[in-house]
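Visitor: Could you take me through one part of this structure in detail? I'd like to start from the aromatic pairing and see what lies around it.

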Amino acid sequence: MKNVFASIVMGCVVATSTAAYAAGDMGDMNMDSGAQHGNGQNSMSHGEVKKVDTAAGKLTIKHGPLENLGMEAMTMVFTVKDPAMLSQVKVGDRIDFVAEEVNGTLTVTKLQKQ
């Protein structure tokens with residue numbers, strides 16, 4: 001009976017120490033998906049302006065994958081962070097941009113023509 005109890009205790013000790021070691025070893029890992037922080041947030045996506053809606057403060061962009069948002073390539077409407085961005089582009093312009101979710105709305109936060 002002592003051997004069974006000793007085996008159970010040793011098993012618990014090994015399992016606990018292994019889990020603690022693994023957790024400590026992962027301390028420098030970024031467990032974030034990149035959607036909110038890190039390099040994914042600032043990486044530029046590429047697209048083509050399909051519509052400029054100055055009155056609504058929106059751009060329609062045909063874009064490639066938006067890695068920071070986990071979205072595939074598609075055409076969609078974005079709000080712009082700064083209305084001055086709308087005067088920088090016209091339909092047909094190829095752009096590099098950063099889109100983020102701001103207060104539940106997909107928003108272009110950075111924009112530059114290619």
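Guide: Here is a walk from the whole chain down to the aromatic pair and its surroundings.

A word on ground rules: this is a predicted model, where local features need pLDDT of at least 70, side-chain atom pairs count only at pLDDT 80 or more, and totals for chains, interfaces and linings use all residues. Residues are numbered from 1 along each chain as its sequence is written, and side-chain values use heavy atoms, with hydrogens and water left out.

The chain has two helices and five strands, in the order α-α-β-β-β-β-β from the N terminus. Helices (H or I, at least four residues) and strands (E, at least two) are DSSP runs, numbered from the N terminus. Of the 114 residues, 25% count as buried, where buried means under 20% relative accessible area, exposed over 50%, and partly exposed in between (1.4 Å probe, protein chains only).

The five strands close into a barrel, ordered 1-2-3-5-4, with mixed pairing. From one strand to the next the twist averages 55 degrees; the axes behind that are lines fitted to C-alpha atoms, with angles running from 0 to 180 degrees between N-to-C directions. Two strands pair if DSSP finds at least two bridges between them. In general, strands of a sheet pair through backbone hydrogen bonds, either parallel or antiparallel.

Now to the rings. Rings of Phe, Tyr and Trp (its six-membered ring) pair if their centres lie within 6.5 Å; planes under 30 degrees apart count as stacked, over 60 as edge-to-face, and the rest as tilted. That rule gives one aromatic pair. F78 and F97 make it, edge-to-face, with 5.7 Å centre to centre and 65 degrees between the planes. Since F78 sits in strand 3 (residues 74-80) and F97 in strand 4 (residues 94-102), the pair ties together parts 19 residues apart in sequence. Both F78 and F97 are buried.

Look at how strand 3 is held on either side. Strand 2 (residues 58-63) pairs with strand 3 in the antiparallel sense over six bridges, and there L59 has F78 as its bridge partner. Strand 3 and strand 5 run parallel, joined by two bridges. Across that pairing, T79 stands opposite T107 and V80 stands opposite V108.

T107 is worth a stop. It belongs to strand 5 (residues 105-113), and T107 counts as buried because its relative accessibility is 7%. Leaving aside residues up to four places away in sequence, T107 touches F78, T79, V80, K81, V98, A99, E100 and V102; contact here means heavy atoms within 4.5 Å.

Finally, go past strand 5 to Q114, in the segment that follows that strand. Q114 counts as exposed because its relative accessibility is 53%. From F97, Q114 is 17 residues away in sequence and 9.8 Å away in space, C-alpha to C-alpha. With residues up to four places away set aside, Q114 touches H46, R94, I95 and D96. Its side chain makes a polar contact with the side chain of D96 at 2.9 Å, and a polar atom of the Q114 side chain lies 3.4 Å from the backbone oxygen of I95. A polar contact is a pair of N or O atoms within 3.5 Å; within protein, one must be able to donate a hydrogen and the other to accept it, and residues adjacent in sequence count only if both atoms are side-chain atoms.
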